[in-house]
Amino acid sequence: MTKPNHLPRFIAASGMTNLADGIAVVVWAWIASLLSRDPLLIALMPIALRLPWFLFALPAGIVTDRVDRRRLILGMDVVRAVAFAAAALFVYQATPLPTPPSDGTANPALFFALLGCALLVGTAEVFRDNAAQTMLPALVPHAQLEQANGRLWSVELVGNSLLGPALGAFLIAAVLWAPFALNATMFAVAALLVLSLPGQFRPTRTQGNSWRTDLREGIGFLRAAPFLQVLAVITGVWNLLHQMVVIALILHVQENLNIGAQGYGLILAAGAVGGIAGGFVADRVVRAMGQGRAAKWMTLASAVAFAIIPFAPNGYVLALVLAAFEFTGLIWNTVSVSYRQRYIPDALLGRVNSIYRLLAWGMMPVGLLLSGLIVSIADGPLPRGLALISPFVVAAAGAALLTQLAWRPLGRGFKPISTAGLDPSATQ
């Protein structure tokens, strides 16, 4: 059996791309804040990264079931390498940047060029992630999937949430174009690693259904699964509120807490440490509490964390709050994803998963846009400092309402199945 020998290269490629994604978490929004102080314009940059999940999640699911998944991953990594290289060149040519205005942008050409690059990166990510999630079973025996998923998840989380944000913040504070250039290099290396994987990874199809038929099958399954719909709606609303908080943190950290890019990166890294800790104990927590109770209390924990954030007096306390928030969020993720993995038949998993992610991830751009609108509307009637924390207040109220509405469905919806197979390596 040669499959296990190829796993390290696949994991290394995933580690490269997720480290680049972690760097991008900081640099896209941060450089937008160096071009404008308008919260709505700043929100446009992460919106460009997340909007493709709403636009292309369904096509990506269908394409993934029809083409060689290795080639699809390879192509998308090349696209992102080119996009980041272009962004690095644009920023290099525009430096030094002028002082950002409160309205409009200091360099409209650079701003919209970067916006286009971000949209291209986000689109490639949708197709790449869908293909990567379905390719792993072709690389390892089914008996080793749990172990392989655990290794893959650990590498992804360390790169995406722990090392990446801190490295991105350090680089952009030192040389503005450096993180974009580094990302271009890492995606190019990841593409070479994927290229080195031998074999064909086109899924076996027993019949030549049309794209419309494939999509109808996935939609039909989700329509017949009411509790799966409930989980999708809860996840979508939670993602909306989470994105409101994430983008609001940029200006809150800069103006209210007087923290620079490197400090911001370390705060995000502290949140990642909490998530990693949650991943190690999630299985035991769910075993002790039960799936329904764990899901209910972790949802409530989000509301509490959102409410505490604006009262954190410094970066240290904020880092602790984010660590606790990510800890509980990882446990919720373990419950919801494990249920989905068990409930959806393997033959439909790709398509149903893409539909689910459309509902769940498609709300992210809405949350980013709402956050910018809330600050823009509040800035004037309220002092600037209070306006910057208003998205946290709205998110806390929304999470409290979500908890109240979801409390009974979560308590009743999970079937009494064994939790022995819970896989904390999965992601929403």
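Visitor: Starting with Arg384: buried, exposed or partly exposed?
Guide: Partly exposed, since the relative accessibility of Arg384 is 24% and the partly exposed class lies between under 20% and over 50%. Bear in mind that this is a predicted model.

Visitor: What does the side chain of Arg384 meet in a salt bridge?
Guide: Glu255, with 3.0 Å from N to O. Glu255 sits in helix 8 and Arg384 in helix 14 (residues 384–413), so this salt bridge ties together parts 129 residues apart in sequence.

Visitor: And Glu255 itself, how accessible is that?
Guide: Glu255 has a relative accessible area of 29%, so it is classed as partly exposed.

Visitor: Which arginine does Glu255 meet at 3.0 Å, besides Arg384?
Guide: Arg37. The Arg37–Glu255 salt bridge is also listed at 3.0 Å, N to O. This pair links distant parts of the chain too: Arg37 is in the loop between helix 1 and helix 2, while Glu255 is in helix 8 (residues 226–256), 218 residues away.

Visitor: Is Arg37 buried or exposed?
Guide: Buried, at 19% relative accessible area. The cut-off for buried is under 20%.

Visitor: How many salt bridges are there in the structure?
Guide: Six. Among them is one between the side chains of Arg80 and Asp21, at 3.4 Å from N to O. Arg80 belongs to helix 3 and Asp21 to helix 1 (residues 3–35), with their positions 59 residues apart in the chain.

Visitor: Why would two such side chains pair up at all?
Guide: Because side chains of opposite charge can pair when their charged atoms come close.

Visitor: Where do Arg80 and Asp21 fall, buried or exposed?
Guide: Arg80 is buried, with 0% relative accessibility. Asp21 is buried as well, at 13%.

Visitor: Which residues are linked with them in a network of salt bridges?
Guide: Asp77 and Arg128 join Asp21 and Arg80 in that network.

Visitor: Stepping back, what is the overall make-up of the chain?
Guide: The protein chain has 14 helices and zero strands. Of its 428 residues, 56% are buried.

Visitor: Back to helix 3. How does its span compare with what you would expect?
Guide: Helix 3 has 26 residues, which should span 38 Å at 1.5 Å a residue, and its end C-alpha atoms are 38 Å apart, so the two agree.

Visitor: What goes on at the start of helix 3?
Guide: A side-chain oxygen of Asp68 comes to within 2.9 Å of the backbone nitrogen of Arg70.

Visitor: Thr64, then. Where is that, and what does its side chain reach?
Guide: Thr64 is in helix 2. Its side chain reaches the backbone oxygen of Ala60 at 2.7 Å. Thr64 is buried, with a relative accessible area of 2%.

Visitor: Changing topic to rings. How many aromatic pairs?
Guide: The structure has 12 aromatic pairs. One of them is Phe56 with Phe127, a tilted pair with 6.3 Å between centres and 40 degrees between the planes. Phe56 is in helix 2 (residues 39–64) and Phe127 in helix 4 (residues 108–135), 71 residues apart, so the pair links distant parts of the chain.

Visitor: How accessible are Phe56 and Phe127?
Guide: Phe56 is partly exposed at 29% relative accessible area. Phe127 is buried at 14%.

Visitor: What about Phe111 and Phe112, what geometry do those rings have?
Guide: Edge-to-face, because their planes are at 85 degrees; the centres are 5.4 Å apart. The two are neighbours in name but not in accessibility class: Phe111 is buried at 0%, and Phe112 is exposed at 51%.

Visitor: Which rings are linked into a cluster?
Guide: Trp28, Phe84, Phe180 and Phe187 are linked by ring pairs.

Visitor: Last one: which residues form the nonpolar patch on the surface?
Guide: Leu89, Phe90, Tyr92, Val175 and Trp177, with about 450 Å² of accessible area together. Leu89 is in helix 3 (residues 69–94). Leu89 counts as partly exposed, at 45% relative accessibility.

Notes:
Residues are numbered from 1 along each chain as its sequence is written. This is a predicted model: local features need pLDDT of at least 70, side-chain atom pairs count only at pLDDT 80 or more; totals for chains, interfaces and linings use all residues. Side-chain values use heavy atoms; hydrogens and water are left out. Patches are made of residues with over 30% relative accessible area and no salt bridge: like charges are joined within 9 Å, nonpolar side chains (Val, Leu, Ile, Met, Phe, Trp, Tyr) within 5 Å. Accessible areas come from the Shrake-Rupley method with a 1.4 Å probe; for residues, only the protein chains shown count as cover. A salt bridge is a side-chain nitrogen of Lys or Arg within 4 Å of a carboxyl oxygen of Asp or Glu. Helices (H or I, at least four residues) and strands (E, at least two) are DSSP runs, numbered from the N terminus. Buried means under 20% relative accessible area, exposed over 50%, partly exposed in between (1.4 Å probe, protein chains only). Rings of Phe, Tyr and Trp (its six-membered ring) pair if their centres lie within 6.5 Å; planes under 30 degrees apart count as stacked, over 60 as edge-to-face and the rest as tilted. The expected span of a helix is 1.5 Å times one less than its number of residues. A polar contact is a pair of N or O atoms within 3.5 Å; within protein, one must be able to donate a hydrogen and the other to accept it, and residues adjacent in sequence count only if both atoms are side-chain atoms.
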